[in-house]
Amino acid sequence: MATRTVTHSGRVQGKVALVTGAGSGIGKATAILLASERGVALVADISMDAAQTVTNEIVAAGGRAEAVALDVSREANWRQAIEQALKNHQRLDVLVNNAGISYAKPIDEMTLDEWRKVMNVNLDGVFLGTKQAIAAMKKSGGGSIINVASVSGIKPSPTASAYCASKAAIRMFSKTAAIECADGKTGIRVNLVTPGGVKTPMWEKMDFFQGMIAQMGGTEKAFAAMEGEAASQKFFTAEEVASTILYFASDESAHLTGTEIVLDRGHTG
Ligand code: NAD
């Protein structure tokens, strides 16, 4: 793949953007990129420490950011987060529903609590965020909601049943939300970013990957082993996913709603 030169030119200038799960991985890269494109990044995470660290990094680099404590599975948390955005910035232009979790477990070993936890965060969280954002964005005449799904919501993946099911549901939920918002003439767009494998700390939270790290002698070596030799299997970087999210956040994609960008190097066909 060709390397890109990225210039920052205010592609989301003045837009107020809340990113969930922004304390790590894709969410962190997205918050940093949106702020570098002169947006206001509301850095939301269940870990306030992680959200504050990313916020400090953005502010130290001259960007505008604010940390938000948010467990996406809790409706009361969502109300407070949106209230904070409206109180401090008077509007919400962009919501990136990015927070997500996974357990690597076969179905017959997965507990109902583990299944529900994945659904609560990955699916309920996207519903609650979209619901609250629609209400807030209607007041200012529109906005852009970007939901982060996964190629696992298109292609099945063994030991990831709850994750795959939640991501497949996000895809259909988002396309439904897009039609509702368009038909209601709300000015609100809902789009999907659907990545394949991305090098983020999410992998290190899974036991099998920890085992690979120990066996191969390091995280990069474990990623390389998962990729294999084929260039088409290469992992994406969090920054590459963030640049796709930025496109949907900016007015360059003002003509798009209900659209899905799949980062799969052609693999899902
Ligand atoms: P990550 O583990 O690096 O970051 C996830 C962040 O979400 C963490 O900061 C965590 O604290 C936060 N979080 C967890 N539960 C939360 C909750 N209830 N409320 C708010 N925040 C919460 O993961 P990542 O790889 O950056 O994943 C981000 C999104 O991208 C997820 O939705 C994931 O499913 C999706 N995705 C990841 C990959 C990949 O290979 N890493 C591939 C496709 C899709």
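Buried means under 20% relative accessible area, exposed means over 50%, and partly exposed is anything in between. Keep those cut-offs handy for the exercises below. The structure above is a predicted model.

**Exercise 1. Sort Lys 185, Arg 265, Ile 32 and Gly 39 into buried, partly exposed or exposed.**

Step 1. Start with Lys 185, which sits in the loop between H5 and strand E6 (188-195). Its relative accessible area is 76%. The cut-off for exposed is over 50%, so Lys 185 is exposed.

Step 2. Go on to Arg 265, found in the segment after strand E9 (260-263). Arg 265 has 22% relative accessibility, so it counts as partly exposed.

Step 3. Ile 32 belongs to helix H1. With a relative accessible area of 30%, Ile 32 is partly exposed too.

Step 4. Gly 39 is in the loop between H1 and strand E2 (40-45). Its value is 3%, and under 20% means buried, so that is where Gly 39 goes.

**Exercise 2. Look at the backbone of Lys 185, Arg 265 and Arg 38: what is the sign of phi in each?**

Step 1. For Lys 185, phi is near 50 degrees, a positive value in a residue that isn't glycine.

Step 2. Arg 265 also has a positive phi near 50 degrees, and it isn't glycine either.

Step 3. Arg 38 follows H1, and its phi is positive, near 70 degrees.

**Exercise 3. Describe helix H1: how many residues does it have, how far does it reach, and how many of its residues are buried?**

Step 1. Count and span first. H1 has 12 residues and reaches 17 Å from first C-alpha to last, close to the 16 Å expected at 1.5 Å a residue.

Step 2. Now the cover. Of the 12 residues in H1, 9 are buried, so the helix is mostly covered.

Step 3. Put names to them: the buried ones are Gly 25, Ile 26, Gly 27, Ala 29, Thr 30, Ala 31, Leu 33, Leu 34 and Ala 35.

Step 4. Finish with a distance check on Ile 32 of H1. Ile 32 and Val 72 are 40 residues apart along the chain, and their C-alpha atoms are separated by 20 Å.

**Exercise 4. Work out which residues of helix H6 are buried, and why they share a side.**

Step 1. H6 covers residues 207-216, and Phe 209, Met 212 and Ile 213 are buried in it.

Step 2. These three cover an arc of only 100 degrees around the axis, which puts them on the same side of H6.

Step 3. Here's the background: an α-helix has 3.6 residues a turn, so residues three or four places apart point the same way.

Step 4. Flip to the face turned away from the buried side of H6, and you find the exposed residues Asp 207, Ala 214 and Gln 215.

**Exercise 5. Map the surroundings of the ligand: which residues come nearest, and which polar contacts can you find?**

Step 1. There are 29 residues around the ligand, and Asp 45, Asn 98, Tyr 163, Thr 200 and Lys 205 come nearest.

Step 2. Sort the shell by class: 15 nonpolar, 10 polar and 4 charged residues.

Step 3. Check the ligand's oxygen atoms. One is 2.7 Å from an N or O atom in the side chain of Ser 24. An oxygen atom of the ligand also lies 2.7 Å from a backbone N or O atom of Asn 98. For Trp 203, a polar side-chain atom is 2.9 Å from a ligand oxygen.

Step 4. Then the area: on its own the ligand exposes 840 Å², and the protein buries 94% of that.

Step 5. Lastly, the elements giving two or more residues to the shell are helix H1 (25-36) and helix H5 (161-183).

Technical notes
Residues are numbered from 1 along each chain as its sequence is written. This is a predicted model: local features need pLDDT of at least 70, side-chain atom pairs count only at pLDDT 80 or more; totals for chains, interfaces and linings use all residues. Side-chain values use heavy atoms; hydrogens and water are left out. A residue is near a molecule or strand if one of its heavy atoms lies within 4 Å of it. A polar contact is a pair of N or O atoms within 3.5 Å; within protein, one must be able to donate a hydrogen and the other to accept it, and residues adjacent in sequence count only if both atoms are side-chain atoms. Accessible areas come from the Shrake-Rupley method with a 1.4 Å probe; for residues, only the protein chains shown count as cover. Helices (H or I, at least four residues) and strands (E, at least two) are DSSP runs, numbered from the N terminus. Ala, Val, Leu, Ile, Met, Phe, Trp, Tyr, Cys and Pro count as nonpolar, Asp, Glu, Lys and Arg as charged, and the others, Gly among them, as polar. The expected span of a helix is 1.5 Å times one less than its number of residues. Buried means under 20% relative accessible area, exposed over 50%, partly exposed in between (1.4 Å probe, protein chains only). The arc is that of the directions from the helix axis to the C-beta atoms.
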